[in-house]
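Thanks for coming. I have one structure to walk through today, and I will keep to what can be read off the coordinates.

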Amino acid sequence: KSERVFDILGRIMPRDGLLPLNIKEKRNGDVYFSNSKISFGGMGDSAYEYFLKAWLQGGRKEKSYRDLWDRSVNGMHLNLLQKSSPNGLAYIAEKNGKKMDHKMGHLTCFMAGSLALGSYTDPDGFDSPRAQRDLKAAKALAYTCYQMYARSKTGISPEYVNFNGCDDFHISVSAPNYVLRPEVVESFYYLSVLTGDPIY
């Protein structure tokens with residue numbers, strides 16, 4: 001049954017590989033996206049994460065899962081990966097239709113680790129342009145996620161930050177809470193093990 005979900009997502013995935021958050025099924029069994037909001041954070045994160053992990057856990061034999069991952073990551077690079085001002089912190093914005101929402105949630109920080117994992121296991125090889133592009137993005141996102149903690153008065157990251165164009169980002173008054181999310185630590189772990197760099 002879980003493979004059927006991957007098959008459906010592969011069939012209805014937009015060309016850019018970015019999945020809107022809501023899916024509905026018609027009475028005749030056809031499945032469609034029922035909104036246009038795209039996020040690598042809440043409600044969207046797990047689909048992207050498991051494209052890669054299902055491929056890895058299956059012994060890297062089911063190419064369709066890796067293809068879904070690569071299409072989504074390419075779409076993220078082309079459409080959502082942004083840099084803040086003035087310090088050029090990398091972040092993955094959200095999108096609703098044609099409108100870009102310049103915020104990044106703590107949940108989105110899983111992408112730093114997943115991009116690194118995808119880079120080191122890239123079928124084109126670790127030295128390929130795609131793998132090196134993804135590793136560079138992974139390191140940049142990990143640094144932004146660290147800054148979400150370091151710039152907080154408490155030293156604890158909020159649920160999300162807004163990138164405001166003048167001071168990199170600010171903590172929204174509507175999301176000052178912290179719910180013990182593991183994504184940043186998980187990404188630091190992946191990067192530490194994969195790169196051997198003690199900074200992580």
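I will start with the chain as a whole, go on to how helix H3 packs, and end with a few residues in loops and one strand.

Please keep in mind that this is a predicted model.

The chain has six helices and 10 strands. Its radius of gyration is 17 Å, against 16 Å from the globule rule for 200 residues, so the chain is as compact as a globular protein of that length. The C-alpha trace spans about 50 × 40 × 30 Å along its principal axes. Of the 200 residues, 46% count as buried. If we take the contacts with a separation of 6 or more, 54% of them are between residues 24 or more positions apart.

Now to the helices. Two packed helices are described by the angle between their axes and the distance between the axes. I will give both values for each pair.

The first pair on my list is H3 with H4. H3 covers residues 63–79 and H4 covers residues 110–120. Their axes come within 12 Å and cross at roughly 125 degrees. That angle makes H3 oblique to H4. The crossing of H3 past H4 is left-handed. Which residues make the contact? From H3 they are Arg 66, Trp 69, Val 73 and Met 76, and from H4 they are Met 111, Ser 114, Leu 115 and Gly 118. Sorted by class, this contact has five nonpolar residues, two polar and one charged.

The next pair is H3 with H5, which is residues 129–150. Here the axes are 12 Å apart and the angle is about 60 degrees. H3 and H5 are therefore oblique to each other, and their crossing is left-handed. On the H3 side we have Arg 66, Asp 70, Val 73, Asn 74 and His 77, and these meet Arg 130, Arg 133, Asp 134 and Ala 137 of H5. By class, that is two nonpolar, two polar and five charged residues. Arg 66 and Val 73 are on the list for H4 and on the list for H5.

On to the backbone. Most residues other than glycine have a negative phi, and most peptide bonds are trans. I have three places to show against that background.

One is the peptide bond from Ser 85 to Pro 86, which is cis, with omega near 10 degrees. Pro 86 sits in the loop between strand S4, residues 81–83, and strand S5, residues 90–92.

Another is Arg 60, a residue other than glycine with a positive phi, near 60 degrees. Arg 60 belongs to the loop between helix H2, residues 45–57, and H3. Is Arg 60 buried or partly exposed? Partly exposed, with a relative accessible area of 48%.

The last is Asp 168, also not a glycine, with a positive phi of about 65 degrees. Its loop runs between strand S9, residues 160–162, and strand S10, residues 170–171. Asp 168 counts as buried, at 0% relative accessibility.

That brings us to Asn 162, in strand S9. Asn 162 has a relative accessible area of 17%, and because buried means under 20%, it counts as buried. Leaving aside neighbours within four places in sequence, Asn 162 is in contact with His 102, Lys 103, Asp 168, Phe 169, His 170 and Ser 172. So Asp 168, the positive-phi residue, is one of the contacts of Asn 162.

That is what I have for today.

Terms used: Residues are numbered from 1 along each chain as its sequence is written. This is a predicted model: local features need pLDDT of at least 70, side-chain atom pairs count only at pLDDT 80 or more; totals for chains, interfaces and linings use all residues. Side-chain values use heavy atoms; hydrogens and water are left out. Axes are lines fitted to C-alpha atoms, for helices over the stretch in contact, and angles run from 0 to 180 degrees between N-to-C directions. Helices (H or I, at least four residues) and strands (E, at least two) are DSSP runs, numbered from the N terminus. Angles under 35 degrees count as roughly parallel, over 145 as roughly antiparallel, 65 to 115 as roughly perpendicular and the rest as oblique. A crossing is left-handed if the near helix is turned anticlockwise from the far one by less than a right angle, and right-handed if clockwise. Contact means heavy atoms within 4.5 Å. Ala, Val, Leu, Ile, Met, Phe, Trp, Tyr, Cys and Pro count as nonpolar, Asp, Glu, Lys and Arg as charged, and the others, Gly among them, as polar. Buried means under 20% relative accessible area, exposed over 50%, partly exposed in between (1.4 Å probe, protein chains only). The radius of gyration is taken over C-alpha atoms; the globule rule is 2.2 Å times the number of residues to the power 0.38.
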